Amino acid sequence: MKYRSAFDIIGPIMIGPSSSHTAGAARIGRVARTLFERQPRKAVISFYGSFAKTYRGHGTDLAIVAGLLDFDTFDERIPDSLKIAEQSGMEVIFKTEDAVPDHPNTVKINLYEGDIQLEVIGISIGGGTIEITEINSFKLKLSGDPAILVIHKDRFGIISSVTSILAKYQINIGHMEVARKEKGETAIMVIEVDQKIEDKIIEELKKLQNVTRVIRMVE
């Protein structure tokens with residue numbers, strides 16, 4: 001478990017009742033929204049383990065949808081998120097799964113907008129702290145903020161090009177993972193950093209050869 005301060009254990013300012021089942025769920029939903037880079041037209045939300053058993057009583061369903069609407073953990077609109085989603089034209093489907101997950105507080109979120117699709121698997125590990133463990137079948141570990149995702153073609157020199165730009169702007173890397181499905185195909189970098197990533201850095205990263213997308217996570 002990745003706790004960086006006592007506030008990660010106490011939990012964030014939030015609409016209750018639970019830091020893990022509500023605040024954490026809202027953060028997972030918001031990260032999924034950030035990765036999708038828009039509000040989806042359709043969201044299929046699949047709960048596993050403890051989430052599947054208690055999501056209604058703990059408001060996990062409301063929190064996930066609130067995150068997809070880009071609401072923070074303390075947003076007073078969270079209790080009305082399902083109604084707001086319907087009014088905004090977002091279809092929401094909830095499912096419960098019998099499969100036993102590695103972590104009891106696990107959710108899979110599938111988002112759709114026309115031909116664009118995204119699948120995100122996240123876990124809420126307590127105190128409002130989360131980890132994204134899978135994005136479109138890429139296995140990884142992402143805590144949410146501050147971080148960037150670089151999606152690119154698997155080519156020689158891409159990693160060094162990205163880290164050189166971060167070094168130029170004196171951005172310190174706290175954690176970094178790289179993943180690919182097959183050699184030479186699409187790959188992804190997850191880079192958690194200690195400082196805010198400014199727009200000019202994102203734009204410079206996007207201009208790198210063989211980089212297809214750069215996503216800045218919600219801070």
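Buried residues account for 47% of the 219 residues in the chain of this predicted model. The accessible surface of the chain amounts to about 11,100 Å², and carbon and sulfur atoms hold 48% of that area. In secondary structure, the chain contains 7 helices and 10 strands. Its contacts reach far along the sequence: when residues at least 6 apart in sequence are considered, 68% of the contacts join residues at least 24 apart.

A good place to see such long-range packing is the set of aromatic side chains. The chain has 4 aromatic pairs. In one of them, the ring centres of Phe 47 and Tyr 55 lie 4.6 Å apart with their planes at 20 degrees, so this pair counts as stacked. Phe 47 and Tyr 55 are both buried. Phe 47 also pairs with Phe 94, again in a stacked arrangement, with 6.0 Å from centre to centre and 10 degrees between the planes. This second pair ties together distant parts of the chain, since Phe 47 sits in strand β1 (residues 42-48) and Phe 94 in strand β2 (residues 91-96), 47 residues apart.

The two partners of that pair differ in their cover. Phe 47 has a relative accessible area of 0% and is therefore buried. Phe 94, in turn, has a relative accessible area of 25%, so this residue is classed as partly exposed; the cut-off for a buried residue is under 20%. Together with Phe 51 and Tyr 55, Phe 47 and Phe 94 make up one aromatic cluster.

Helix α4 (residues 60-68) offers a second view of the interior, as this helix is mostly covered, with 8 of its 9 residues buried. The buried residues of α4 are Thr 60, Asp 61, Ala 63, Ile 64, Val 65, Ala 66, Gly 67 and Leu 68. After α4 comes Asp 70, which has a positive phi near 75 degrees.

Part of the surroundings of α4 can be traced from Ala 26, a residue of helix α2. Ala 26 has a relative accessible area of 2% and so counts as buried. Apart from its neighbours within four places in sequence, Ala 26 is in contact with Ala 63, Ile 64, Gly 67 and Thr 73. Ala 63, Ile 64 and Gly 67 are among the buried residues of α4. Between Ala 26 and Leu 69, 43 residues apart in sequence, the C-alpha to C-alpha distance is 9.6 Å.

Attention now turns to the second largest pocket, which has a volume of about 200 Å³. Its lining comprises 16 residues, and those closest to the centre are Leu 118, Ile 135, Asn 136, Ile 151 and Arg 213. At least two lining residues come from each of α2 (19-36), β4 (116-126), β7 (147-153), β9 (186-193) and β10 (211-216). The most is given by β4, with 3 residues. By class, the lining of this pocket holds 10 nonpolar, 3 polar and 3 charged residues.

Asn 136, one of the residues closest to the pocket centre, deserves a second look. Asn 136 belongs to the loop between β5 (129-135) and β6 (138-142). Its relative accessibility is 31%, so Asn 136 counts as partly exposed. Although not a glycine, Asn 136 has a positive phi of about 50 degrees. Beyond its neighbours within four places in sequence, Asn 136 is in contact with Gln 117, Leu 118, Glu 119 and Lys 181. Of these partners, Leu 118 is also listed with the residues closest to the pocket centre. The C-alpha atoms of Asn 136 and Asn 110 are separated by 9.3 Å, with their positions 26 residues apart along the chain.

A positive phi is also found at Gln 170, a residue other than glycine, where the value is near 55 degrees. Gln 170 lies in the loop between α6 (158-168) and β8 (173-180). Here the relative accessibility reaches 67%, so Gln 170 counts as exposed.

Note on methods
Residues are numbered from 1 along each chain as its sequence is written. This is a predicted model: local features need pLDDT of at least 70, side-chain atom pairs count only at pLDDT 80 or more; totals for chains, interfaces and linings use all residues. Side-chain values use heavy atoms; hydrogens and water are left out. On a 1 Å grid over the protein atoms alone, a cavity is a set of points where a 1.4 Å probe fits but cannot get out, and a pocket is an open set with protein on both sides within 12 Å along at least five of seven lines; lining residues have an atom within 4 Å of a point. Grid points are joined across faces, edges and corners, and a volume is the space filled by probe spheres set on the points. Helices (H or I, at least four residues) and strands (E, at least two) are DSSP runs, numbered from the N terminus. Ala, Val, Leu, Ile, Met, Phe, Trp, Tyr, Cys and Pro count as nonpolar, Asp, Glu, Lys and Arg as charged, and the others, Gly among them, as polar. Buried means under 20% relative accessible area, exposed over 50%, partly exposed in between (1.4 Å probe, protein chains only). Contact means heavy atoms within 4.5 Å. Accessible areas come from the Shrake-Rupley method with a 1.4 Å probe; for residues, only the protein chains shown count as cover. Rings of Phe, Tyr and Trp (its six-membered ring) pair if their centres lie within 6.5 Å; planes under 30 degrees apart count as stacked, over 60 as edge-to-face and the rest as tilted.
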